[in-house]
Amino acid sequence: MPVNRNALIRYRVIDKCLQNRRRKWTIENLIDACNEALYEYEGLEQGVSLRTIRLDLNAMRSDKLGYNAPIVVSDKKYYSYEDADYSISNIPLTTQDLNVLQEVSHLLKQFKGFSHFGEVTEMVNKLEDKIYSEKNQQAPVIDFEKNELLTGINWLDPLYKAIISQSTIQIRYKSFKARSANEIVFFPYLLKEFRNRWFVLGMPKKSKEIVTLALDRIQDILLLPETLFEKNRQFDAIAYFRDIIGVTRNTGDKPVEVTFFANHVHAPYIRTKPIHYSQKVLEEKQGGIIFSINVIPNFELERELIGFGEGLKVLSPNSMVRRIKKKVQLMQDLYHDI
């Protein structure tokens with residue numbers, strides 16, 4: 001059952017009172033203690049009612065909250081714990097609680113490269129220690145996609161900080177095609193992950209166009225506090241990625257209808273996991289399905305479609321058909337001598 005903040009404060013106060021066996025606690029005493037705490041922590045001047053505290057005591061006694069508190073009444077008016085060592089803070093975690101905590105622990109481990117998650121490391125260690133003390137170690141039931149050999153992850157934190165502080169930076173960048181690295185004065189706007197690879201989108205100082213840089217091609221980053229940060233008010237991340245697969249987009253490109261045929265083997269996978277949100281079924285045939293998507297053609301889209309191998313054939317536009325046909329022919333040449 002959901003519990004609000006005020007109720008949690010009352011439960012903690014009642015718990016603390018009942019642990020104190022050096023005095024006897026009437027329900028009026030518990031009301032006063034709860035009122036003082038609610039005023040101190042929440043600034044509430046309106047006192048809690050007798051009925052509210054009675055309901056709190058019943059809730060703590062029951063299994064609704066998992067407390068099962070051994071609250072007893074002596075002389076028909078004094079409340080205490082029958083077990084002197086009991087506290088709602090000492091309740092062992094349920095199996096369900098432990099499973100949730102374990103998956104949270106695995107989830108937190110996925111955040112690497114950000115310094116502000118460095119503090120989470122200590123929290124995760126404490127969490128795992130608590131889990132281990134409660135039950136035997138078990139294999140995780142959720143396995144997130146990750147690449148332990150991924151390079152460039154160390155640039156996530158400085159780029160993140162530069163974005164939120166709107167700081168101009170200088171990036172030493174060497175693309176796969178370049179012979180040497182270039183120095184780029186850069187206004188970073190967005191970090192983007194695609195297929196377990198990180199990119200930063202922003203605008204070079206000498207340009208008005210948005211460019212995408214791969215973090216694994218960055219060699220160095222230098223803050224330029226004396227250089228005024230320049231915003232690009234036309235950049236809308238949601239709109240920017242709406243019409244593309246991946247991260248590559250040329251300025252001025254417009255979406256086109258891309259149609260393709262998927263055979264009976266691959267069609268169910270494409271149907272249940274659309275390549276793009278615009279995906280539609282144009283025609284169902286005996287041997288498969290013809291789909292359409294409205295996207296801006298780019299390298300990532302071609303790689304996605306080619307990835308289905310002999311199970312998918314691009315039908316339009318003609319320019320994409322020609323490019324993919326050429327790539328398929330080059331692939332065939334690779335295996336010509338085998």
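Me: A helix here is a DSSP run of H or I with at least four residues, numbered from the N terminus; in this predicted model, which helix holds Glu-28?
Reply: Glu-28 belongs to helix H2, which runs over residues 27-42.

Me: Why is Glu-28 called partly exposed?
Reply: Its relative accessibility is 48%, and because buried means under 20% and exposed means over 50%, with partly exposed in between, Glu-28 counts as partly exposed.

Me: What makes Arg-10 and Asp-56 a salt bridge?
Reply: The closest N and O atoms of Arg-10 and Asp-56 are 2.5 Å apart, and the cut-off is within 4 Å for a side-chain nitrogen of Lys or Arg and a carboxyl oxygen of Asp or Glu, so the pair qualifies. Arg-10 sits in helix H1 (residues 5-19) and Asp-56 in helix H3 (residues 50-61), so the bridge ties together parts that are 46 residues apart in sequence. Both Arg-10 and Asp-56 are buried.

Me: Why is Glu-284 called exposed, and why is Arg-271 called partly exposed?
Reply: Glu-284 reaches 53% relative accessibility, so Glu-284 counts as exposed, since the limit is over 50%. Arg-271 has a relative accessible area of 42%, which lies between 20% and 50%, so Arg-271 is partly exposed.

Me: How do you know that Glu-284 and Arg-271 form a salt bridge?
Reply: Their closest N and O atoms are 2.8 Å apart, and that value is within the 4 Å limit, so the pair is counted. The pair links distant parts of the chain, with Glu-284 in strand E9 (residues 280-284) and Arg-271 in helix H8 (residues 267-272), 13 residues apart.

Methods
Residues are numbered from 1 along each chain as its sequence is written. This is a predicted model: local features need pLDDT of at least 70, side-chain atom pairs count only at pLDDT 80 or more; totals for chains, interfaces and linings use all residues. Side-chain values use heavy atoms; hydrogens and water are left out. Helices (H or I, at least four residues) and strands (E, at least two) are DSSP runs, numbered from the N terminus. Buried means under 20% relative accessible area, exposed over 50%, partly exposed in between (1.4 Å probe, protein chains only).
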